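Q: I'm new to this one, so please keep it plain. Give me a close look at what lies around the ligands, and add whatever else helps me find my way.

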Amino acid sequence: MKIACIGAGYVGGPTMAMVALKCPEIEVVVVDINEERIKAWNSDKLPIYEPGLLEVVQEARGRNLFFSTDTKKHVGEADIIFVSVNTPTKTHGIGAGKAADLTYWEGAARLIASVATSSKIVVEKSTVPVKTAEAIGKVLRRNCQDPNVNFEILSNPEFLAEGTAIEDLQHPDRVLIGGADTPSGQKAIQTLAEVYAHWIPRERILTANLWSAELAKLTANAFLAQRISSINAISALCEATGADVSQVAHAIGTDSRIGGKFLNASVGFGGSCFQKDILNLCYVCETVGLKEVADYWYQVVSMNDYQKQRFVERVIGAMFNTVSQKKIAIYGFAFKKDTGDTRETPAIDVCKGLIRDGAKCCIYDPEVTPEQIFRDLSAPKFEWDRPNYSRSQSHMLENVQVQSDPAAAADGAHAICVLTEWDEFKKYDFAALYEKMVKPAFIFDGRNILDHAKLRDIGFIVYALGKPLDQFLQKNYS
Ligand SMILES: NC(=O)C1=CN([C@@H]2O[C@H](COP(=O)(O)OP(=O)(O)OC[C@H]3O[C@@H](n4cnc5c(N)ncnc54)[C@H](O)[C@@H]3O)[C@@H](O)[C@H]2O)C=CC1
Ligand SMILES: O=C(O)[C@H]1O[C@H](OP(=O)(O)OP(=O)(O)OC[C@H]2O[C@@H](n3ccc(=O)[nH]c3=O)[C@H](O)[C@@H]2O)[C@H](O)[C@@H](O)[C@@H]1O
């Protein structure tokens, strides 16, 4: 058996590396149009930072795992083709700002149809709107010259989270496979289930109809994001009342019906998928006439935007309503720890908000490159999820500096904003940082990871999300 995967990104790369590792008798080839990415996958400096990934790739690469730009050859030869390409939010036309743009998916389907000379199982790995399999089926069947070629389309959404991708792939809560309710559809489901059964217990391999599987992925992300927006909404109320969001989260999380995970208040959720997938879900609801349902889910995204804006207003308000020409050290630019990924990171909106008010942001992140930060701060909304996206807002960059040394970033700064929960931030010598900062020196902890009492002892004015406000902030915040 041969497997090909179109799209060597955050999902395609690690997922196929794990399949290859666990199924040594199957040849797995990951293809991409991006030559640079493929080159990096073939080196020891992988294109994405993910703990444990390099070891998995090194074990399987060259044995039964390959990365290539020869899309036609490998897709043509494969029995199972995973499609793991971008499904960004549309930026123009009907549904702009919410609908999924299936350009790349359709391109992949046309490619498959053009080279298929034998029957294929085509697996939706990308997150797609419900009913995409129907559309893709039409593209495949109408474009294939050979009438004897049969296409079975399966939905096999990916639930891994970045930073823990290897653990998630090795021990997933579940694998979900949706397929047509026909004998050939059921056979295709079983074929794919056999692949996963190499390392995943059978009871964790769930099967469903196509539309349930497609919708389950959007729903899972919507529920996860909803929890964060819910606790973030409560964080605002905590600050207004003197309650402590961590204590509230702990108290509700011990109820087994609620559960304790995913209740960390933050400066906002980021990542390539939560916002995109909720907007996509809302658009699907609207197109089937369910406006109230769409409005319900939109609120999760609105609350996230509010949280980011609220944080910016806290920073500016605390610093006497002006950050003009003030240096602000930004600790963390990635959307979460243990990844170099910055897609939809809350740091983008926070930095832009501060810069719009005249601040000079000096950014430090242990994994994100300066080029990436400059690209992110100059790209228009939703543009980042396209191969070779463009820049436009380059005026933002005049007030951005990137530092590879966190102490240098804080030197001469009026404030430090913690925007990513990197573990190393907890170990810094804040007394030494304090010495070099302009007084009063502020810390705005957007992740609640620091020892706030200790920071206050040093002399910092501390703002922590969802925690009772310092007296200083109460007096000065207007
Ligand atoms: N990033 C994540 O943690 C997760 C992402 N997903 C979904 O998986 C899909 C892919 O996401 P990522 O891997 O993060 O995106 P990505 O942007 O890292 O990777 C997509 C890759 O597809 C390639 N590509 C696009 N069109 C192509 C074509 N016609 N032929 C060959 N290659 C092509 C691009 O060059 C890019 O390298 C999206 O639908 C996303 O919603 C699902 C679960 C988790
Ligand atoms: O479809 C996807 O792309 C993936 O989206 C998320 O994974 P990911 O975005 O990689 O990371 P998460 O751990 O979910 O974090 C998302 C964002 O929420 C934030 N977050 C998370 C948890 C929390 O309690 N509070 C909080 O603010 C994180 O800091 C981050 O910015 C889901 O967790 C995955 O199951 C899903 O496969």
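**Around the ligands**

A: Ligand 1 sits between domain 1 (2-200) and domain 2 (221-472), because both of them give residues to the shell around it (the bounds come from an automatic or database domain assignment). This is a predicted model, where local features need pLDDT of at least 70 and side-chain atom pairs pLDDT 80 or more, while totals for chains, interfaces and linings use all residues. Residues count from 1 along each chain as its sequence is written, chains are lettered from A and ligands numbered from 1 in the order written, and side-chain values use heavy atoms, without hydrogens or water.

Let's stay with ligand 1. It has 24 residues around it, and the closest are Asp32, Arg37, Thr87, Glu162 and Lys276 (a residue is near if one of its heavy atoms lies within 4 Å). Two of those closest residues also make polar contacts, meaning pairs of N or O atoms within 3.5 Å. Thr87 puts a polar side-chain atom 2.6 Å from an oxygen atom of ligand 1, and Arg37 does so at 2.8 Å. Ile33 joins in through its backbone, where a polar atom is 3.5 Å from a nitrogen atom of ligand 1. On its own, ligand 1 would expose 830 Å², and the protein buries 93% of that (Shrake-Rupley areas, 1.4 Å probe). Sorted by class, its shell has eight nonpolar, nine polar and seven charged residues (Asp, Glu, Lys and Arg are charged; Ala, Val, Leu, Ile, Met, Phe, Trp, Tyr, Cys and Pro nonpolar; the others, Gly among them, polar).

Now hop over to ligand 2. Here the shell has 20 residues, and Phe159, Leu160, Ser266, Cys273 and Arg447 come nearest. Arg447 reaches in with a polar side-chain atom 2.6 Å from an oxygen atom of ligand 2. The backbone helps too: an N or O atom of Phe335 lies 2.8 Å from an oxygen atom of ligand 2, and one of Leu263 lies 3.3 Å from an oxygen atom of ligand 2. Out of the 700 Å² of accessible area that ligand 2 has alone, the protein covers 90%. That shell splits into 11 nonpolar, four polar and five charged residues. Domain 1 (2-200) and domain 2 (221-472) each supply at least three residues to it. Helix α9 (residues 210-241) gives the most, with four residues (helices are DSSP H or I runs of at least four residues, strands E runs of at least two, numbered from the N terminus).

A few spots beyond the ligands are worth a stop. Phe262 sits in the loop between α10 (245-253) and α11 (274-287), and its phi is near 60°, a positive value in a residue other than glycine. Glu344, in the loop between β9 (327-331) and α13 (346-356), likewise has a positive phi, near 55°. Phe262 is partly exposed at 38% relative accessible area, whereas Glu344 is buried at 11% (buried is under 20%, exposed over 50%, partly exposed in between, with a 1.4 Å probe and protein chains only). In the loop between α16 (430-435) and β13 (442-445) you'll find Pro440, and the peptide bond from Lys439 to Pro440 is cis, with omega near -5°. Most residues other than glycine have a negative phi, and most peptide bonds are trans.

Last come the cysteines. You'll find zero disulfides (a pair of cysteine sulfur atoms within 2.5 Å). The sulfur of Cys282 is too far for a bond because its closest partner, in Cys285, is 6.3 Å away. Cys282 is also buried, at 0% relative accessible area.

Conventions: Polar contact = N/O pair within 3.5 Å; in protein donor to acceptor, adjacent residues only side chain to side chain.
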